[in-house]
Amino acid sequence: MIVDNAIYVDGRRTAEPSSFHETHEVVRRAGGLAWIGLHSPTEEEFSSVAGEFGLHPLAVEDAVKAHQRPKLEHYDDVLFMVLTTARYVEHDRLTATSEVVATGEVMVFVGPHYVITVRHGEHGGLSDLRRGLEEQPDLLCHGPASVLYAVADSVVDAFVDVATAVEEDVEELEA
């Protein structure tokens, strides 16, 4: 379930806490930004994160159940964004029933000093995105909003890549 859990101060990774409680305590003491990345957590697994960070029950339910429409909601001082992701499915032979696009979701909780990303589906994940942001501390030091921007930008870029691949399939079929 836990893909990564780190604290960033001045845009640089400074700690990798071993629990959500420790993450919350360290970021409150040291300042900076906590970024917790999760993949398909169960309700039980996600409850400790939700309780520690005081996440709204409706957003928690959406994050666990998945299959939500893209949206942005505001709960007190937390933003909750749902993004639909797309991935091109490679295939040996294109037929009328070939599935060429798989979808998933990324949910992002953005609080004053934290970001919690919850991923559902088998799309590329956010590890490469995180590594890219870690190489740009000047961007990451802008806090949680910079992570939200980067996640949304990555999702949109992936749709462009999928559209290009599907267009190539259509051209192949036409030929």
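Before the first slide, one definition: axes here are lines fitted to C-alpha atoms, for helices over the stretch in contact, and angles run from 0 to 180 degrees between N-to-C directions. Keep that in mind for the helix packing. And note that what you see is a predicted model.

Let's start with the sheet. Seven strands make an open sheet with mixed pairing. The order reads S2-S1-S3-S7-S6-S5-S4. Which strands stand at the edges? They are S2 and strand S4, residues 71-75. Each has a single partner strand, so one side of each is left without a neighbour in the sheet. On average, neighbouring strands are turned by 25° against each other, direction ignored.

Now the helices on this sheet. H4 lies across S2, S3 and strand S1, which is residues 2-9. Against S1, H4 runs at about 15°. Helix H6 covers residues 144-174. It lies across S3, S5, S6 and S7, at about 20° to S5.

Next, strand S7. How many of its residues are buried? Seven of seven, and the strand is mostly covered. In general, side chains of a regular strand alternate between the two faces of the sheet. Here, Tyr114, Ile116, Val118 and His120 point one way from S7. Val115, Thr117 and Arg119 point the other way. Both sets are buried, and that takes in Arg119 and His120.

What does S7 pair with? One partner is S3: six bridges join them, and the two run parallel. His39 has Arg119 as its bridge partner in S7. S6 is also joined to S7 by six bridges, but that pair runs antiparallel. A hairpin of three residues leads from S6 to S7. Two bridges to look at on this side: Met107 with Val118, and Phe109 with Ile116.

Those last two names come back in the nonpolar core. In soluble globular proteins, nonpolar side chains tend to be buried together. The largest core in this model has 26 residues. Which residues have the most contacts inside it? Phe46, Leu55, Phe109 and Ile116. Several elements give two or more residues to this core. The helices are H1 (20-30), H2 (43-53) and H3. The strands are S3 (33-39), S5 (78-88), S6 (101-110) and S7 (114-120).

Take Phe46 and leave aside its neighbours within four places in sequence. Its contacts then include Leu55, Phe109 and Ile116. Val118 is also in contact with Phe46, as are Val60, Ala63 and Val64. Met1, Leu38 and Pro41 complete the set. There is also a second, separate core, of 19 residues. Leu33, Trp35, Val110 and Val151 are among them.

On to charges. Side chains of opposite charge can pair when their charged atoms come close. Across the whole structure, the search finds nine salt bridges. I'll show three.

First up, Glu134 with Arg13: the closest N and O atoms are 2.5 Å apart. Why care about this pair? Glu134 sits in helix H4, residues 127-134, and Arg13 in strand S2, residues 12-15, so the bridge ties together parts that are 121 residues apart in sequence. Glu134 is partly exposed, at 26% relative accessible area. Arg13 is partly exposed too, at 29%. These two also belong to a network of salt bridges that links Asp4, Arg13, Glu16, Arg130 and Glu134.

The next pair stays within H4. Arg131 and Asp128 form a salt bridge, with closest N and O atoms 2.3 Å apart. What separates them along the helix? Three residues, which means about one helical turn. Arg131 is partly exposed at 44%, whereas Asp128 is exposed at 58%.

The last pair is in helix H3, residues 57-65. Lys65 and Glu61 meet in a salt bridge at 3.4 Å, N to O. These two are four residues apart, so about one helical turn lies between them. Lys65 is exposed, with 53% relative accessible area. Glu61 is partly exposed, with 39%.

To recap. We have an open, mixed sheet of seven strands, with S7 mostly covered. The largest nonpolar core has 26 residues. One salt bridge ties H4 to S2. That's my slot, thank you.

Definitions and conventions: Residues are numbered from 1 along each chain as its sequence is written. This is a predicted model: local features need pLDDT of at least 70, side-chain atom pairs count only at pLDDT 80 or more; totals for chains, interfaces and linings use all residues. Side-chain values use heavy atoms; hydrogens and water are left out. A salt bridge is a side-chain nitrogen of Lys or Arg within 4 Å of a carboxyl oxygen of Asp or Glu. Buried means under 20% relative accessible area, exposed over 50%, partly exposed in between (1.4 Å probe, protein chains only). A nonpolar core is a set of buried Ala, Val, Leu, Ile, Met, Phe, Trp, Tyr and Cys residues joined through side-chain atoms within 4.5 Å. Contact means heavy atoms within 4.5 Å. Two strands pair if DSSP finds at least two bridges between them.
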